[in-house]
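Me: I have a structure open at the bench and would love some help reading it. Could we go through it together, one question at a time?

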Amino acid sequence: MTGDPALAAQVRRAAGADGYQSLSVALIEGGRTRFAGLGSADGTRPVDQRTPYELGSIAKAMTGMVLADLAEDGLSPDTLVRDLLPDAGLSAPATLAELASHRSGMPRLRLTPQIIAGALLSPYTGGDPYRGAGPETVLADAAAVKTGERGKVAYSNLGMALLGLALAEHSHTTYADLLRTRVLVPLGMTSTTALGPRDGLPPGHATGRAENGLAMDPWRAHGHAAAGGGVWSTAEDVAKLVNAVMNDTAPGADAATPRWNQNDRQRIGYGWFTTRYDNRTITWHNGATGGFTSYAGFDRATGRGVVVLSNTDKRVDALGLRLLGIERPDGENSSPAMTVVMILFTFSGLGFVVSAARARGIKRLSVTGQALWAVLLLWLTRNAGPWDAVPPVVWILGAGVLAVAIALAVLRWPRLELGHRTPVPWWSWISVVLPLVFLIMYGVAMAL
């Protein structure tokens, strides 16, 4: 534990039994900012307010501030993005303001085979689903997607990334330099950076992990920096941001002004959301990458602000709200359907037990295929199971069931036939080859 002991105790109570590798927290009250760090950056080093974390989508709020700041210098938020990027081949008539408020009709992402594969494999391998996508990838995706209804709030990472590139083009610079000159330097946020493709990670950074402990690769999609790709910061820096926006002293602080309705409780400005909780109104943004989560919010009426950074992929929104004095159901546990699926995967060895216990009519190929599938499914659930919703002992029981099945298969192996007939048809080997290929591919992906 580092920082203010009273705040650390408050954070520990607010977090409850939730399993975070670490939490770096800032609480702003009465014009004073206190910090507390709990847990470890990498398994050995304690965290504090200067430990760098992957920031994720809180960067979208800063991109909105860049737009608001440029608007004060004469850039109209109603400018069409294709007018600033005439060579990008954009067909959608989205404005800068629509991109900043997620009302452009652009989808969340362009669903390419690479993105789909990355999204499916990332929870199991810890890999970066974006694979370091640069500006050219963002522009190509923006030109290729079909847009939906304009004017309706629909969260879009692609739209915000495109906004950052358009603002940078207007300013004849890169997005990283634009963010630095317009927001970071004026606020003294010296530990916040948008990494380039060859930049190293910040010194002393936290290591991101899944809830089950799987190490997650950092997201290096510098083309998506305006949406949060490759942006790192500290609780100390984000507290400067929150305090300045809350007090209207930050460049582009007007971005936090709510302008459009998302629903009956929530509105949006340029990047920043505002949500009503009974008689309280909270201005906020959160973030989530492969191994990090974040939350920054404030209540103008009470003058209280909060920053929560974690190097675990379990959301911290409810924790941040509790520190602001608002109780809300977490709503963060895995869905019941996912929980059921993972339990079934974990105990897939039960069918294998039945087969292995029967000698008559069961073939070696069949038993071997069942064993390989059970091992694969158990491995997958180990790396991606909803262990916040299911006690980890369940996985141990599943592993025990599989061990019993393997032992039974070994004991009865001499009594089993190779296949249904001799010679064994080639297609009979599919039940063994297919799971074996998947196991090898998954092992290679985990090693990369």
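Me: Happy to start with a single leucine. Which residues does Leu 85 touch, not counting residues up to four places away in sequence?
Reply: Good place to begin, and please keep in mind that this is a predicted model. Leu 85 lies in the loop between α3 and α4. Leaving out residues up to four places away in sequence, the residues Leu 85 touches are Leu 90, Leu 139, Leu 162, Leu 165, Ala 166 and Glu 169.

Me: Does that loop position leave it open to solvent, or to put it properly: is Leu 85 buried or exposed?
Reply: The cut-off for buried is under 20% relative accessible area. Leu 85 has 9% relative accessibility, so Leu 85 counts as buried.

Me: How far apart are the C-alpha atoms of Leu 85 and Leu 167?
Reply: Along the chain, Leu 85 and Leu 167 are 82 residues apart. In space, their C-alpha atoms are separated by 9.5 Å.

Me: Let's turn to the helix α7. What should its 14 residues span, and what is the distance between its end C-alpha atoms?
Reply: Helix α7 covers residues 157-170. At 1.5 Å a residue, its 14 residues should span 20 Å. The model agrees, because the end C-alpha atoms of α7 are 20 Å apart.

Me: How many residues of α7 are buried, and which helices do they pack against?
Reply: The helix α7 is mostly covered, with 12 of its 14 residues buried. Among them are Asn 157, Met 160 and Leu 163. The buried residues of α7 pack against α2, α3, α4, α6 and α8.

Me: Which backbone nitrogen does a side-chain oxygen of Ser 156 reach at the start of α7?
Reply: Ser 156 sits at the start of α7. One of its side-chain oxygens comes to within 2.8 Å of the backbone nitrogen of Gly 159.

Me: At what angle do α2 and α7 pack, and how far apart are their axes?
Reply: Residues of α2 that meet α7 include Val 66, Leu 67 and Leu 70, and on the α7 side they include Met 160, Leu 163 and Leu 167. By class, this contact has six nonpolar, four polar and one charged residues. The crossing of α2 past α7 is left-handed. The two helices pack at an angle of about 35°, and their axes are 10 Å apart.

Me: One last residue: is His 224 buried or exposed?
Reply: His 224 is found in the loop between β5 and β6. Its contacts beyond four places in sequence include Asn 157 and Ala 161, and both of these are buried residues of α7. With 6% relative accessibility, His 224 counts as buried.

Notes. Residues are numbered from 1 along each chain as its sequence is written. This is a predicted model: local features need pLDDT of at least 70, side-chain atom pairs count only at pLDDT 80 or more; totals for chains, interfaces and linings use all residues. Side-chain values use heavy atoms; hydrogens and water are left out. Helices (H or I, at least four residues) and strands (E, at least two) are DSSP runs, numbered from the N terminus. The expected span of a helix is 1.5 Å times one less than its number of residues. Buried means under 20% relative accessible area, exposed over 50%, partly exposed in between (1.4 Å probe, protein chains only). Contact means heavy atoms within 4.5 Å. A polar contact is a pair of N or O atoms within 3.5 Å; within protein, one must be able to donate a hydrogen and the other to accept it, and residues adjacent in sequence count only if both atoms are side-chain atoms. Axes are lines fitted to C-alpha atoms, for helices over the stretch in contact, and angles run from 0 to 180 degrees between N-to-C directions. A crossing is left-handed if the near helix is turned anticlockwise from the far one by less than a right angle, and right-handed if clockwise. Ala, Val, Leu, Ile, Met, Phe, Trp, Tyr, Cys and Pro count as nonpolar, Asp, Glu, Lys and Arg as charged, and the others, Gly among them, as polar.
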